[in-house]
Amino acid sequence: GKCEVRALDLLGAWVEAGSPEAEVFTFADVNGNPCEGTFSTDVAPLLGENNVWFPASLSCTSCHNSALTDRSAGLDLTSYAGILAGSQRASADAANGDNILGGGTWENSLLFLTLTQMDSIPDGHPPLTYPAVDLVIYAGAHTVPPTPTEAPAPTEASSATATP
């Protein structure tokens with residue numbers, strides 16, 4: 001029941017839907033079939049799990065956490081509130097920082113630019129040898145069962161019994 005989707009398309013659909021915390025948001029799988037996802041089940045793991053963006057990668061939250069160090073750009077990706085609070089904050093009590101979600105416009109967001117512009121990778125990030133634009137994951141759930149794209153091929157067992 002999971003949808004096959006590009007990770008950036010999933011993040012983009014969440015941002016474009018207004019970045020809901022608890023509500024379901026819609027997106028399309030790689031074949032254009034309708035799907036639904038949630039922040040906690042589908043978006044948060046992209047930021048909080050190791051080995052997501054490329055083999056042996058650390059989670060985004062391993063650096064971008066509540067410590068809000070200079071190296072982390074004052075960005076906490078460990079919680080919904082931390083994401084909305086933005087980057088360049090000196091402390092968790094500081095007023096909102098720089099909006100990383102582009103005001104709801106995904107392709108203008110700092111998050112999108114950081115994940116896609118290989119020539120301007122911020123300090124502390126490894127060179128992206130596995131571009132984020134190519135990453136396909138399984139997330140969400142289909143809202144309507146997908147239509148098969150081709151007929152299943154006969155199995156060996158069924159073609160072996162069809163001899164004249």
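In this predicted model, serine 59 is a buried residue, since its relative accessible area is 8% and the limit for burial is under 20%. Serine 59 belongs to the loop between helix H2 (39-48) and helix H3 (80-85). Its side chain makes a polar contact with the side chain of threonine 61, at 3.0 Å. When residues up to four places away in sequence are left aside, serine 59 touches Leu47, Gly48, Glu49 and Asn50.

**Helix H1 and its contacts**

Valine 15 sits in helix H1, which covers residues 7-16. With a relative accessibility of 1%, valine 15 counts as buried. Beyond four places in sequence, valine 15 is in contact with Leu101, Gly104, Thr105 and Trp106. For one of these partners, threonine 105, the separation from valine 15 is 90 residues in sequence, while the C-alpha to C-alpha distance is 6.9 Å.

**The salt bridge**

The structure has one salt bridge. Arginine 6 forms a salt bridge with aspartate 9, and the closest N and O atoms are 3.0 Å apart. Arginine 6 is partly exposed, at 31% relative accessibility. Aspartate 9 is also partly exposed, with a relative accessible area of 37%.

**The sheet**

Three strands form an open sheet in the order E2-E3-E5, and their pairing is antiparallel. E2 and E5 are the edge strands, each of them pairing on one side only. Strand E2 (residues 25-28) is joined to E3 by four bridges in the antiparallel sense. In this pairing, phenylalanine 25 stands opposite glycine 37 of E3. The hairpin of E2 and E3 has five residues between the strands, and glycine 32 in this hairpin takes a positive phi near 85 degrees.

Strand E3 also runs antiparallel to strand E5 (residues 141-142), to which two bridges join it. Across this pairing, glutamate 36 stands opposite alanine 141 in E5, and cysteine 35 stands opposite histidine 142 in E5. The two faces of strand E3, which spans residues 34-37, can be told apart: Cys35 and Gly37 make up the covered face, whereas Pro34 and Glu36 make up the uncovered one. Glycine 37, opposite phenylalanine 25, thus belongs to the covered face, and glutamate 36, opposite alanine 141, belongs to the uncovered face.

**Aromatic pairs**

The structure holds four aromatic pairs. One of them joins phenylalanine 25 and phenylalanine 27 in a tilted arrangement, with 6.0 Å from centre to centre and 40 degrees between the planes. Another consists of phenylalanine 39 and tyrosine 80, which meet edge-to-face at 5.3 Å centre to centre, with 75 degrees between the planes. Because phenylalanine 39 lies in helix H2 and tyrosine 80 in helix H3, this pair ties together parts that are 41 residues apart in sequence. Ring pairs also link Trp14, Phe39 and Tyr80 into a cluster.

The table lists the burial of the four residues in these two pairs.

| Residue | Relative accessible area | Class |
|---|---|---|
| Phenylalanine 25 | 2% | buried |
| Phenylalanine 27 | 8% | buried |
| Phenylalanine 39 | 9% | buried |
| Tyrosine 80 | 16% | buried |

Tyrosine 80 counts as buried because its 16% falls within the cut-off of under 20%.

**Confidence in the model**

The protein averages a pLDDT of 84, and 80% of the residues score at least 70. Confidence is highest in strand E2, at 98, and lowest in helix H5 (residues 156-160), at a mean of 45. Over residues 157-164, pLDDT stays under 50, and the model has zero contacts beyond four places in sequence for this stretch. Where pLDDT is low, predicted coordinates should not be read in detail.

Definitions and conventions
Residues are numbered from 1 along each chain as its sequence is written. Side-chain values use heavy atoms; hydrogens and water are left out. Buried means under 20% relative accessible area, exposed over 50%, partly exposed in between (1.4 Å probe, protein chains only). Two strands pair if DSSP finds at least two bridges between them. Contact means heavy atoms within 4.5 Å. A polar contact is a pair of N or O atoms within 3.5 Å; within protein, one must be able to donate a hydrogen and the other to accept it, and residues adjacent in sequence count only if both atoms are side-chain atoms. A salt bridge is a side-chain nitrogen of Lys or Arg within 4 Å of a carboxyl oxygen of Asp or Glu. pLDDT is the predictor's confidence in each residue, from 0 to 100. Rings of Phe, Tyr and Trp (its six-membered ring) pair if their centres lie within 6.5 Å; planes under 30 degrees apart count as stacked, over 60 as edge-to-face and the rest as tilted.
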